[in-house]
Amino acid sequence: MSTVNLQISERRAQRAGGSIGRRSAGLFFVLPAVSFTVVFFILPLIFTVYMSLHDWPLLGDHKFIGLDNYSALLSDRQFWNSLWFTTRYTLLITPVIFILAFVLALLVSLPLPGVGIYRTVYFLPVVIGLGSSSLLWVWLLHDRVGVINAILTGLGVMDRPIIWLADSSYAMTAIIMSVVWKTVGFTMILLMTGMQAIPAELYEAAKVDGANYWARLRYIMMPLLRRTFALALILSVIGSYLGFDQFFIMTAGGPQNSTISVVYWIYKNSFTNFKLGYGASLSIVLLVILVILSVIQLRLLRDETSY
Amino acid sequence: MKKGALLFVVLLMLVASGVSVMTAQDAVTLQMWSRDSNQDFLRELVDMWNADHPNQIELTIIPAADFVTRVGVASAGGEAPDLLPIDLIYVPQFAQAGNLVEIGAFIDALPYADQLSASHVHLGEYDGGRYAVPFAAEGSVLLYNKGLFEAAGLDPEAPPTTWEGIYEAAKAITALGDDNYGFYFSGACAGCNAFTFLPLIWASGGDVLTEDGLSATVDTPEVRAALEFYKRMWDEGLIPPSAQADTGTDFFGAFTTGKIGMVGSGAFSIAILKNDHPDIDFGLTFLPGQEGGISSFAGGDSIAITSSSQHAAEAFEFISWVLSDEIQLQMFAARGQLPLRADLVDNEFSREDPRLITNAEAMNLGKTPYSFVYNQLFNDANGPWLAMIQTAIFQGDVDGAIANGQAGFAAILGE
């Protein structure tokens, strides 16, 4: 009896030792990724938290002030305005990107000749930097030399050119148009890849059962795309909340400070007003908000399906 | 054997001390950082110095948008370069933060100390000390299109000298039609309007800050009059509608279309217009006050020596070389740059193009706001300065604009 017991415990010990070996091998393999994350994310994050507890001017010495930056932030009206503006921008742009990207993904998934060209064309703006594309749109929207005003007046949609970036609602529309143009290709590729991963047999089986195109779309494709939707949604929402270049270049926060996004406000505090400590505290708050939003989205789109 | 060892040690010490003596006399390498505007000229200047001086300069060019951040971070770590040319408006802030070396004694030793651009010298002063001298000069002026002046029946050799004169000329040019407009300014660019709109107020005897830069004087008749002057031209359609949304991307470009009568600009435009737009016949005059008078925003760079430097004397050798007659004339003036000394404004090169003399004169009689919070007051696209201009001109609420402007300035100045 006792020898049996011994044998068992020896085997257990061997197994355990083996798994420690495997674990350390695993650790070894993820080491590059972990060290990258530590150096480029964890350490800067810790330093940002440290800075946020200081009065830290860009020039001159810094001093510890505890949570003063955070309490100042609570009464910073522009910060809350910017947060609300960024939320509104995210709520407006996300469905536009999604619907358009979904339709484009459906179209470029069709087995038609030359469809590869369309995929490339729709994806092309993604490889341009957001800064360059914003500058491009400033000129496209220009009232004297811009092609968009020329087309709209030429078609008789408007009598005279619009100064897009001088009016807050037009400015928002203009920024959304430029960012959708720039990013829709990326979401399209994500969704298309998701669509292509769905096994053809499922559609065939549904077809045999008499499901038409719309039913197959609704009851097979949409549920199975859930994971892809979650990924694309999180990337899109985070991207929108972190929006900066388009506001900095196209409107500089105007007209009448109506398009100041949160990151733009962080930038302004840090590099226009030279208050690095305050900028750091704003960044930490934004990070917390983004983590909460991402967790909510993941929960909502949690997917138990497997195929 | 012991003796031998002792001799060896003594010899070694002698050699070592000789080496250290040689090192002290040896040339040093000075670090210099600069923003990327005007970098070709600067590289040429540094190459010229390096060619016949034992002390060498290593020039690092940094994108303008990152410049202050990089220098701020380096200063905090005691690793700032020896030589630091910076936008002159930042000098008070750098001096206040203790980043710069006091160079008053060096400056006094220059035979032409009293000829240095007054505004640059003033901005270099802090708490009784002097911290910087001029390094690049720029002054705002009024550019005008002589062709359009002639077409509108105006005398191209008699540019406006009052606001009323600008208004009348702008009206006549706009009346030409065909998308021609009399006047232009970048309506959504804070810094551009500090450069071209502030001088209108100064030339009329007003200001938005007190002399010490610590209090706001926005709510004054001169500021109101200047805002009403622009508003009148905007209301009457003498300024193209696109001006309202221009964040500065079209600050100079608008004039190069050949369809703008007048625009506030700087010396930099002379070379660009002559080289890239030879078809535009342009004139250049002073930015006037309401009833006459002239002023200008004296801009450009000042150069300072940072507290991190171990070679202040060597660094100042370079500075005095830059300010010498030879370099000011053969490098600066010969390449269309404004000289940094009042006594060299009129020189063989500027006499070839009197527009350069006008621009240099404008710079020399110009002003620059002295402030430790210049960026927040004047450069912030969402700050009180631009908000005031936009509210007054585009929304037509001059009273509200001035009230908010005064309050916004006072809040930043901590009044």
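**Figure 1. Gln256(A) and its neighbour Pro255(A) in a loop of chain A.** In this predicted model, Gln256(A) sits in the loop that runs between helix 11 and helix 12 of chain A. Its backbone is a bit unusual to look at: phi of Gln256(A) is near 50 degrees, a positive value in a residue that isn't glycine. Is Gln256(A) buried or exposed? Neither quite fits, because its relative accessible area is 34%, which makes Gln256(A) partly exposed. Pro255(A) belongs to the loop between helix 11 (245-250) and helix 12 (262-272) too. Look at the peptide bond leading into that proline: from Gly254(A) to Pro255(A) it is cis, and omega is near -10 degrees.

**Figure 2. Phe274(A), another residue with positive phi.** For Phe274(A), phi comes out near 60 degrees, a positive value in a residue other than glycine. Where does Phe274(A) lie? You'll find Phe274(A) in the loop of chain A that links helix 12 and helix 13 (276-300). Phe274(A) has a relative accessible area of 5%, so it counts as buried, while Gln256(A), at 34%, is partly exposed.

**Figure 3. The disulfide of chain B.** Cys189(B) and Cys192(B) are joined by a disulfide, with 2.0 Å from S to S. Don't go hunting for others, as the structure holds one disulfide over all chains. Which hand does the disulfide have? The torsion about the S-S bond of Cys189(B) and Cys192(B) is about 75 degrees, so this disulfide is right-handed. As for its two partners, Cys189(B) has a relative accessible area of 10% and is buried. Cys192(B) is buried as well, at 9% relative accessibility. Both values fall below the cut-off, since buried means under 20% relative accessible area.

**Figure 4. The salt bridge between chain B and chain A.** Asp380(B) pairs up with Lys268(A) in a salt bridge, and their closest N and O atoms are 2.2 Å apart. How many salt bridges does the rule find across the interface of chain B and chain A? Just one. Polar contacts turn up here as well: seven residue pairs make them across the interface, counting pairs with both residues at pLDDT 80 or more.

**Figure 5. What chain B brings to the interface with chain A.** Four helices of chain B each give two or more residues to the side that touches chain A: helix 3 (64-76), helix 4 (91-96), helix 17 (374-379) and helix 18 (384-393). Helix 3 of chain B supplies the largest share, three residues. Sorted by class, this side of chain B has 10 nonpolar, 14 polar and four charged residues. Counting both partners, 28 residues from chain B and 28 residues from chain A take part in the contact. About 2,200 Å² is buried between the two chains, and carbon and sulfur atoms give 54% of that area.

**Figure 6. Chain B, zoomed out for context.** Here's the chain that carries the disulfide of Cys189(B) and Cys192(B). Its secondary structure comes to 19 helices and 12 strands. The C-alpha trace of chain B spans about 105 × 50 × 35 Å along its principal axes. Of the 415 residues in chain B, 57% are buried. Among contacts in chain B with a separation of 6 or more, 76% are between residues 24 or more positions apart.

Key. Residues are numbered from 1 along each chain as its sequence is written. Chains are lettered from A and ligands numbered from 1 in the order in which they are written. This is a predicted model: local features need pLDDT of at least 70, side-chain atom pairs count only at pLDDT 80 or more; totals for chains, interfaces and linings use all residues. Side-chain values use heavy atoms; hydrogens and water are left out. A disulfide is a pair of cysteine sulfur atoms within 2.5 Å. Buried means under 20% relative accessible area, exposed over 50%, partly exposed in between (1.4 Å probe, protein chains only). Contact means heavy atoms within 4.5 Å. Buried area is the accessible area (1.4 Å probe) that two parts lose on being put together, summed over both. A salt bridge is a side-chain nitrogen of Lys or Arg within 4 Å of a carboxyl oxygen of Asp or Glu. A polar contact is a pair of N or O atoms within 3.5 Å; within protein, one must be able to donate a hydrogen and the other to accept it, and residues adjacent in sequence count only if both atoms are side-chain atoms. Ala, Val, Leu, Ile, Met, Phe, Trp, Tyr, Cys and Pro count as nonpolar, Asp, Glu, Lys and Arg as charged, and the others, Gly among them, as polar.
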